[in-house]
There are 2 protein chains.
Amino acid sequence: MREVVIVGADMTPFGKHLDRTLPGLGGDAVRGAIGDASAARADIQAVYSGNVAAGSLTGQRIVRDLGLGGIPVVNVENACSSSASALHEAVVAVGAGVHDTVLVIGAEQLTALGRGPLPLNRDDHEAANGQIMPAVYAMRARRYLYEHDLTPADLAAVAVKNRSHGALNPYAQIRTTTTVEEVLASRPVATPLTLFQCCPNGDGAAALVVTATPERFSGPPVRIRASVLHSGRFETGFRDMTTPQITVESARDAYEQAGIGPEDLSLVELHDAFTIAELLYYEALGLAERGKAAALLHSGETTFGGHTVVNPSGGLLAKGHPIGATGAAQVVEAVWQLRGRAGDRQVGGARIALTHVTGGGMAGVDHGACAVHILERNAA
Amino acid sequence: MREVVIVGADMTPFGKHLDRTLPGLGGDAVRGAIGDASAARADIQAVYSGNVAAGSLTGQRIVRDLGLGGIPVVNVENACSSSASALHEAVVAVGAGVHDTVLVIGAEQLTALGRGPLPLNRDDHEAANGQIMPAVYAMRARRYLYEHDLTPADLAAVAVKNRSHGALNPYAQIRTTTTVEEVLASRPVATPLTLFQCCPNGDGAAALVVTATPERFSGPPVRIRASVLHSGRFETGFRDMTTPQITVESARDAYEQAGIGPEDLSLVELHDAFTIAELLYYEALGLAERGKAAALLHSGETTFGGHTVVNPSGGLLAKGHPIGATGAAQVVEAVWQLRGRAGDRQVGGARIALTHVTGGGMAGVDHGACAVHILERNAA
């Protein structure tokens with residue numbers, strides 16, 4: 001496999017873009033990424049597009065209006081990991097030499113779905129039994145707090161940190177800081193999770209130009225050191241709902257691919273869909289020992305000035321979570337950070353970044369999809 | 001790229017499976033394909049699953065119940081080309097050495113959508129202007145008949161041929177023969193297309209075991225000589241709606257990859273969603289000169305005993321068209337034919353097969369996805 005790098009990256013601000021269409025949002029990100037790389041349309045040999053909810057041929061609908069026709073477009077759906085899975089497919093194709101330069105898109109417009117309930121699949125036994133995401137993470141949170149003698153205030157501190165990061169990020173959906181008291185006093189969603197502990201729904205898009213021939217482009221290249229995609233195992237009966245096994249396995253494989261360890265990471269963009277998630281993923285990604293995630297958080301080592309800044313963008317809790325866009329947008333943030341172009345939220349001396357998304361895992365049953373990428377600043 | 005072969009293939013009968021779930025249908029096909037290859041679950045290193053309408057994580061939902069956990073699952077959506085695009089992704093990954101053996105699934109349960117109208121995407125200008133598929137193909141048909149001095153009876157002959165094939169296929173949704181008179185007298189859908197000239201909606205699933213290490217498996221290997229995926233160009237203004245450019249380009253690339261020409265094909269499974277489609281694709285695939293498709297059909301060279309049997313399965317018109325399942329099911333049919341196991345519909349001496357699906361092309365604007373595969377019987 002050839003070395004694969006990113007030479008172009010852009011995204012739209014995340015938020016409620018009620019007056020836009022999905023192709024419009026996606027097109028903004030694509031134009032930005034192509035412009036960032038100073039690529040010509042003719043350089044793009046294939047498109048890998050991640051989306052969950054917008055129906056058929058979303059990638060084609062996005063690139064059609066840009067005149068990017070006559071090339072393969074693959075639409076990838078993997079719940080929250082959709083556009084990270086699209087990036088994985090792109091890395092395989094470029095690494096294998098099938099294409100030299102491709103475009104990766106993540107786009108989602110959740111506001112277009114309206115506010116009513118979504119129809120259930122007939123075979124979705126978990127959701128039919130109330131195991132929707134906030135409920136699942138609430139169970140995980142209760143168990144984690146109980147096992148490690150913590151309180152809801154420890155959870156709230158995750159939101160406080162990530163909101164403080166998001167306040168520095170012009171691309172974030174929520175740009176105000178908050179306090180532990182405010183987080184705990186916000187509307188209950190699924191006890192112990194309150195509203196400020198759940199990521200907001202929104203719209204947005206992100207795009208990446210991925211290539212094996214960076215010398216053709218102007219964007220400072222960022223190396224993809226690892227690209228790992230995993231799905232989980234279906235298990236019934238007793239299992240540890242505070243250990244997200246799918247993330248443990250994905251991270252293990254990613255560190256092995258990259259030949260690095262968690263101690264080498266300057267920054268991490270991880271899947272903090274709920275406050276408890278960030279604590280669980282500290283441990284699953286090897287940033288903290290089991291039960292020590294809250295201590296790591298309180299130590300300040302995961303905010304600016306710390307050893308590994310986690311979610312400098314604000315994460316899902318502040319930046320937002322337009323599902324199909326999230327994975328690609330995390331990578332855009334990592335690229336900007338590694339290039340030293342992240343503005344007020346720049347992680348000083350950023351050299352290696354890890355991005356992590358995981359989706360569809362229910363009740364400790366990890367049958368969804370998890371994608372981990374490790375990126376490195378070009379040595380030059 | 002390594003040589004990639006198919007060692008396992010199976011599908012469910014196509015039809016209205018009102019009492020089934022999508023994971024149930026998919027599981028039947030997967031178990032069949034794995035059994036066909038005498039593969040163990042541990043041999044399967046990744047899953048590429050095509051589906052259009054069943055929501056999120058369909059591949060995971062299918063393999064979960066089979067105990068196929070902990071491996072990457074990529075869900076691919078490309079309209080009618082979804083599972084053929086999934087096969088393309090599988091061929092790239094196996095060819096590149098990322099995986100040795102993977103599973104490809106195509107599954108769709110259109111009956112689960114109910115009978116009401118589907119919601120329109122806000123940016124779907126074509127459908128909003130009435131350019132739904134029967135209307136688009138009706139326009140193409142009118143133009144084609146006008147240009148080449150043909151009549152609706154020439155179209156009807158396509159349905160007669162494919163229904164005569166489907167009557168021999170226990171996996172076909174429609175298993176009765178018909179006549180030109182009956183086809184023309186069936187309910188009008190979009191003039192000149194009548195009901196019997198439009199493929200039926202239905203449910204079904206297909207699965208393939210794709211590998212670079214066929215010696216590990218028992219299924220007689222079938223070589224994948226070409227795997228091509230194309231999207232189209234967006235054009236406005238005058239264009240020739242009787243030339244499906246996306247198919248022309250995909251076929252050209254596939255013949256080049258395989259190093260063969262249309263004259264080498266023993267059989268073709270092509271995308272006859274409407275009768276006119278088969279005639280247009282004869283020309284686009286190089287089986288007939290421009291304007292000579294009906295003559296080829298009437299010559300008998302595309303039915304049993306002819307030079308290249310087109311749609312021995314009955315095609316979409318008789319076998320049915322559960323969108324996401326169709327591409328993989330065409331390849332299953334081709335594998336069975338090349339192994340000499342196609343029962344009453346066996347193409348004598350079948351050596352090379354081409355499969356073709358194309359989706360999402362509106363009003364002569366080919367911005368969808370077209371996939372062409374060329375398969376060859378193992379020399380052994």
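Hi everyone, let's start with the symmetry: in this predicted model, chain B lands on chain A after a rotation of 180° with 0.0 Å of shift along the axis, and the RMSD is 0.0 Å. That is how a two-fold axis relates two copies. Both copies also use the same surface for their contact, since 100% of the contact residues of chain B recur in chain A.

Now, the interior. As a general point, nonpolar side chains in soluble globular proteins tend to be buried together. Here, the largest nonpolar core counts 88 residues. Which residues have the most contacts inside this core? They are A:Y48, A:L208, A:V210, A:L375, B:L208 and B:V210, so names from both chains turn up.

Let me zoom in on A:V210. Leaving aside residues up to four places away in sequence, A:V210 touches A:V4, A:V5 and A:I6. Its other contacts are A:L87, A:V94, A:D100, A:T101, A:V102 and A:V104.

Over to chain B, and strand β1, which covers residues 5–11. Is this strand buried or exposed? Seven of its seven residues are buried, so the rest of the structure largely encloses the strand.

What does β1(B) pair with? One partner is strand β7 of chain B, residues 203–211, which is antiparallel to β1(B) and joined to it by six bridges. Within that pairing, B:G8 is bridged to B:V209. Another partner is strand β8 of chain B, residues 222–231, again antiparallel, with two bridges. There, B:V5 has B:R223 as its bridge partner.

That's my tour, thanks for listening, and I'm happy to go back to any part of it!

Conventions
Residues numbered from 1 in each chain as written. Chains lettered and ligands numbered in written order. Predicted model: local features only at pLDDT ≥ 70, side-chain atom pairs only at ≥ 80, totals over all residues. Heavy atoms only, no water. Least-squares fit on C-alpha atoms with pLDDT ≥ 70 in both. Contact = heavy atoms within 4.5 Å. Core = buried A, V, L, I, M, F, W, Y, C linked by side-chain atoms within 4.5 Å. Buried < 20%, exposed > 50% of the residue type's maximum accessible area, 1.4 Å probe, protein only. Helix = DSSP H or I, 4+ residues; strand = E, 2+ residues; numbered from the N terminus. Pairing = 2+ DSSP bridges.
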